[in-house]
Amino acid sequence: MKIILVRHGETEENLKGIIQGQLHGTLSDLGKEQARKVADRLREERIDFIFSSDLIRALDTAKEIAKFHDVP
């Protein structure tokens with residue numbers, strides 16, 4: 001079994017120095033690009049499941065990865 005851990009992309013709040021904790025956060029333009037790049041990097045990996053926090057910044061990153069994989 002292989003586990004791949006991915007952190008969400010940069011958020012607007014990161015840029016402002018705001019500590020987010022359990023706040024959702026919004027991916028910055030750079031964060032969206034980071035999510036696309038990690039998704040492309042993982043395109044050829046066999047991924048059976050994706051687990052994500054329910055925070056928007058994490059979900060948006062996970063959704064980019066999921067575009068290349070037919071997973072729940």
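This passage describes helix α2, the nonpolar core and one buried threonine. The model is predicted.

Helix α2 covers residues 29-41, which is 13 residues. At 1.5 Å a residue, a span of 18 Å is expected. The end C-alpha atoms of α2 are 18 Å apart, so the model agrees with that value. Three residues of α2 are buried: Gly 31, Ala 35 and Ala 39. They cover an arc of only 80° around the axis, and therefore lie on the same side of α2. The cover over these buried residues includes α3, residues 56-66. The face turned away from the buried side looks outward, with the exposed residues Asp 29, Lys 37 and Arg 41.

Ala 39, one of the buried residues of α2, also belongs to the largest nonpolar core. This core has five residues in all. Its other members are Leu 42, Ile 47, Ile 65 and Val 71. In soluble globular proteins, nonpolar side chains tend to be buried together. Within the core, Ile 47 touches Leu 42, Ile 65 and Val 71. Ile 47 also touches His 69. These contacts leave aside residues up to four places away in sequence.

Thr 11 sits in the segment before α1, the helix of residues 12-16. The relative accessible area of Thr 11 is 0%. Buried means under 20%, so Thr 11 counts as buried. Which residues is Thr 11 in contact with, leaving aside neighbours within four places in sequence? They are Gln 20, Thr 26, Leu 27, Ser 28 and Arg 57.

How values were computed:
Residues are numbered from 1 along each chain as its sequence is written. This is a predicted model: local features need pLDDT of at least 70, side-chain atom pairs count only at pLDDT 80 or more; totals for chains, interfaces and linings use all residues. Side-chain values use heavy atoms; hydrogens and water are left out. Helices (H or I, at least four residues) and strands (E, at least two) are DSSP runs, numbered from the N terminus. The expected span of a helix is 1.5 Å times one less than its number of residues. Buried means under 20% relative accessible area, exposed over 50%, partly exposed in between (1.4 Å probe, protein chains only). The arc is that of the directions from the helix axis to the C-beta atoms. Contact means heavy atoms within 4.5 Å. A nonpolar core is a set of buried Ala, Val, Leu, Ile, Met, Phe, Trp, Tyr and Cys residues joined through side-chain atoms within 4.5 Å.
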